[in-house]
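Colleague: I should be grateful for a close look at the empty space enclosed within this structure, and at the surroundings of the ligand. Please take the reader through them in a connected account.

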Amino acid sequence: MSFFVCKECGFGSASWYGKCPDCGKWNTLVERPDFAKSTSSKKKEGLKKISITPLKKIKTQEKTRIKTGIFEFDRVLGGGFVPGEVILLTGEPGIGKSTLILQSLKNIRTLYISGEESGEQVKNRADRLGVNLDNFLFSNDLQVEGIIESAAEMKDQIDIIVIDSIQTIYSKDVEGVSAGITQLKEVTKLLVTFAKKNNFAVILIGHITKEGEIAGPKSLEHFVDCVLNFEGEKVSNYRLIRTSKNRFGGTDEIGIFEMTGRGLKEISNPLVFLEEKRSLEPGKAIVGVAEGKRSLFFEIQTLVVPTVLAFPRRVVKGLDYNKVLLLLAVVRKNLSFPLDRFDIYVNVIGGVSIKGTSADLGLIASLISSFKNIPLPTSSLFIGEVGLLGEIRKTYFEEKILSEGKRLGFKKIYSGKNINSVKTLPSVILRERSDRRI
Ligand code: TYD
Ligand code: MG
């Protein structure tokens, strides 16, 4: 019996198709005779019993971490890289991934494989960043088997291998273009096995684009130990690094950087995403959010304008789209604003995204402010989750954000402590009008 496998997505089938039913590409199904054999009748052949060990008897040891010396980065990693760990670092092209890698690995023995830039380009950048290159080895060769073979021979001279980017690497045994899903998965699997066997930390850089072209790197997430995402707006200078998975640390820490003429600079100021001189304008609200063990403050802007369309527009950046729709429904129900006659645009300043629930209250406050065309005082802060029934709930780490907000000089802090429902929010915020110039 024959068996056919798609070169692009790995879809398997007993019959051949011109167009892959899974990924929709044409002429990608090829015959795999070995596949058919393995599913044939000789079931016992090659069978291997599993070995079982009481978990109690397994010896554990605290793995020594390879520290980068960049505090914001080490914290996100959970204290540094762990030998044998595979990290997927994703982000849009041009956001600063290669820069971060060069800066953070400057004291670590590194093999840097680049399919994106020439040695000359990387050296130029390193010179500009003032990175000491004594520990850096470089290659433009992109065949995964070759990389593994060469790195194994140099085992004693390397601690970390960087693949920039995983989309440019190919395996000699896989048909299909590099960056195809099958290639991506295969090279990643080979690199993961290699990293574990030889105790190298391996960083895989993966490009993603804003439009959500994440099918590639996204499909690799379950192979790796740690997934880091580098986010921010190219036009703004601030960058956030977040982890969505970490087998060797927590997933709630973030690192903040500023891109300067001399590379990335660490930022510890929690107000960094707010304007220095905050202006009074309708539609703005400042929210307090917990990110790991630290509190951060962001500005949410909402623009509510009469619509000319049959279906009003909702455009959301930096917050979860469905969450915003849900909160709009809560506002319609509780405040009877005729929102279906208005287009609504929501944005978080700085090109960053807010996770969690504590920005709910601030989003609604900014919406009311825009709808009523009345600015909120620039020294007011909003912290709170909003429930489906319009009630204001306590959020994760609320006390900590509250005290940090007080310390930083916010005069009025709104939360579930002084507002219990969305219903009373307009009267409470609009009362502020008289003393809004504080
Ligand atoms: P890069 O690290 O090449 O991005 P990625 O690897 O994610 O594609 O960063 C490229 C951008 O960063 C580029 O537009 C220039 C800018 N940059 C600075 O502003 N300052 C610097 O010191 C460096 C090295 C880059
Ligand atoms: Mg790059």
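**Enclosed space and the ligand shell**

Modeller: About 40 Å³ of space lies in the second largest cavity of this predicted model. Its lining consists of Thr302, Leu327, Leu328, Val331, Ile344, Val346, Leu363, Ile364 and Leu367. Two or more of these residues come from each of helix H8 (321-335), strand E16 (342-348) and helix H9 (360-372). Sorted by class, the lining of the second largest cavity comprises eight nonpolar residues, one polar residue and no charged residues.

This cavity was found in a search of the whole structure, which yields two cavities of 30 Å³ or more. As to the principle behind such a search, rolling a probe the size of a water molecule over the atoms shows where empty space is left.

The largest cavity has a volume of about 90 Å³. Its lining is made up of 13 residues, and those nearest the centre of the cavity are Lys284, Ile286, Leu376, Pro377 and Thr378. Strand E13 (residues 284-291) provides the largest share of this lining, namely three residues. In the lining of the largest cavity, five residues are nonpolar, three are polar and five are charged. Charged residues are thus present in the lining of the largest cavity, whereas the lining of the second largest cavity has none.

The surroundings of ligand 1 may be described in a similar manner. A shell of 16 residues surrounds ligand 1, with Gly94, Ser98, Thr99, Arg125 and Gly263 the closest. At least two residues of the shell are supplied by each of helix H3 (97-104), helix H4 (119-129) and strand E11 (254-260). By class, the shell contains four nonpolar, seven polar and five charged residues.

Several backbone atoms of the protein lie at short listed distances from oxygen atoms of ligand 1. Gly94, one of the closest residues of the shell, has a polar backbone atom 2.7 Å from an oxygen atom of ligand 1. For Gly96, the distance between a backbone N or O atom and an oxygen atom of the ligand is 3.0 Å. A polar backbone atom of Ile95 is 3.4 Å from an oxygen atom of ligand 1. On its own, ligand 1 has 560 Å² of accessible area, and the protein covers 74% of it.

Technical notes. Residues numbered from 1 in each chain as written. Chains lettered and ligands numbered in written order. Predicted model: local features only at pLDDT ≥ 70, side-chain atom pairs only at ≥ 80, totals over all residues. Heavy atoms only, no water. 1 Å grid on protein atoms, 1.4 Å probe; cavity = no way out; pocket = protein on both sides within 12 Å on 5 of 7 lines; lining within 4 Å. Points joined across faces, edges and corners; volume = space filled by probe spheres on them. Helix = DSSP H or I, 4+ residues; strand = E, 2+ residues; numbered from the N terminus. Nonpolar A, V, L, I, M, F, W, Y, C, P; charged D, E, K, R; others polar. Near = heavy atom within 4 Å. Polar contact = N/O pair within 3.5 Å; in protein donor to acceptor, adjacent residues only side chain to side chain. Areas by Shrake-Rupley, 256 points an atom, 1.4 Å probe, with all protein chains shown as cover.
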